[in-house]
Amino acid sequence: PRMPRFSRLLCKTVAPVREYFYWINDRGHIYHLMNLERYNAGKTPTGPTHMKEPKFLNFFFSRLKHNNTDYHPEWPYISPCGNEMNYVQAADKPIVFQTLAKNEDGNWILTYAGETKNALFQPEKLVTSGEGRFYHPVKLGRTQEDMGLLHCYLAAEIGSSIEQREADVHVLKWEESEFELGHWDWDRTKCVAENP
């Protein structure tokens, strides 16, 4: 059943019982931050200790959304879980697309969250940043819009189909069609940025 409006408003003002903090690198690996002091000192986690369990990844990313609560605004994303709240920061964007393949219906699908989640690939909506990174729209939950980063391997794969026509004009050749790439003025050093 749908939560009463009063209860939904209350959730924005009442602190969760337990809080957890996560960091996602630009390969889409998610790390549980056990030592926030070390993280705040600039020491981000690396190595094979990232979360890998498919059920956890699917659950976590299915609930991922923008942090519109009154708590920890420096953590721009949250993934609620009952009375617990998971706060999220990322090296770039928390959604990192890792593969691109056709599904049974013949549609091109981008996958993320350990390939447990996906988004329909829309070549006309592919954009590039000033750093040359590729981004594609993705939904957070049912209503929120955001952008996902293409993993460096996937970017290289798609990049082989991109042709530079002029100084600032890049065209993606995809299945006998051509799409001019949009430009997104995204500074990934900021915690929050406007969507294109």
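Modeller: Let's begin with a rule: two strands pair if DSSP finds at least two bridges between them. Helices and strands are themselves DSSP runs, of at least four residues (H or I) and at least two residues (E), numbered from the N terminus.

Colleague: How do you know that strand 6 and strand 12 pair?

Modeller: Two bridges join strand 6 to strand 12 (residues 144-150), so the requirement of at least two is met. The two strands run parallel, and Val-96 has Leu-149 in strand 12 as its bridge partner. Keep in mind that this is a predicted model, in which local features need pLDDT of at least 70 and side-chain atom pairs count only at 80 or more, while totals for chains, interfaces and linings use all residues. Residues are numbered from 1 along each chain as its sequence is written, and side-chain values use heavy atoms, leaving out hydrogens and water.

Colleague: What makes strand 6 and strand 16 the edges of the sheet?

Modeller: The open sheet has five strands in the order 6-12-11-10-16, with mixed pairing. Strand 6 (96-97) and strand 16 (182-183) each have a single partner strand, so one side of each lacks a neighbour in the sheet.

Colleague: And what holds strands of a sheet together in general?

Modeller: Backbone hydrogen bonds, in either a parallel or an antiparallel arrangement.

Colleague: How do you know that strand 11 pairs with strand 12, and in which sense?

Modeller: Six bridges link them in the antiparallel sense, and Lys-139 stands opposite Glu-145 in strand 12. Their hairpin has three residues between the strands, where Gly-141 takes a positive phi near 65 degrees. Strand 11 also pairs with strand 10 (residues 127-128), again antiparallel, over two bridges. Thr-128 in that pairing has Phe-134 as its bridge partner. This second hairpin has five residues between its strands, and Gly-132 in the turn has a positive phi of about 85 degrees.

Colleague: Why is strand 11 called largely enclosed?

Modeller: Five of its seven residues are buried, so the rest of the structure largely encloses strand 11.

Colleague: Why is Tyr-31 called buried?

Modeller: Buried means under 20% relative accessible area (exposed is over 50%, partly exposed in between, with a 1.4 Å probe and protein chains only). Tyr-31 has 3%, so it counts as buried. Trp-23, at 10%, is buried as well. Across the 196 residues of the chain, 37% count as buried.

Colleague: The whole structure has 13 aromatic pairs. Why is the one between Trp-23 and Tyr-31 called tilted?

Modeller: Rings of Phe, Tyr and Trp (its six-membered ring) pair if their centres lie within 6.5 Å; planes under 30 degrees apart are stacked, over 60 edge-to-face, and the rest tilted. Trp-23 and Tyr-31 are 6.2 Å apart centre to centre with 35 degrees between the planes, so they form a tilted pair.

Colleague: What makes Tyr-135 and Trp-184 an edge-to-face pair?

Modeller: Their planes are 85 degrees apart and their centres 5.0 Å apart, so both cut-offs are satisfied. Tyr-135 lies in strand 11 and Trp-184 in the segment after strand 16, so the pair ties together parts that are 49 residues apart in sequence. Both residues are buried.

Colleague: Which residues do ring pairs link into a cluster?

Modeller: Tyr-22, Phe-56, Phe-60, Phe-61, Phe-97 and Tyr-112.

Colleague: Last one: how do you know that the charged end of Arg-63 sits over the ring of Phe-59?

Modeller: The rule asks for NZ of Lys or CZ of Arg within 6 Å of the ring centre and within 35 degrees of the ring normal. The charged end of Arg-63 is 3.6 Å from the centre of the Phe-59 ring and counts as sitting over it.
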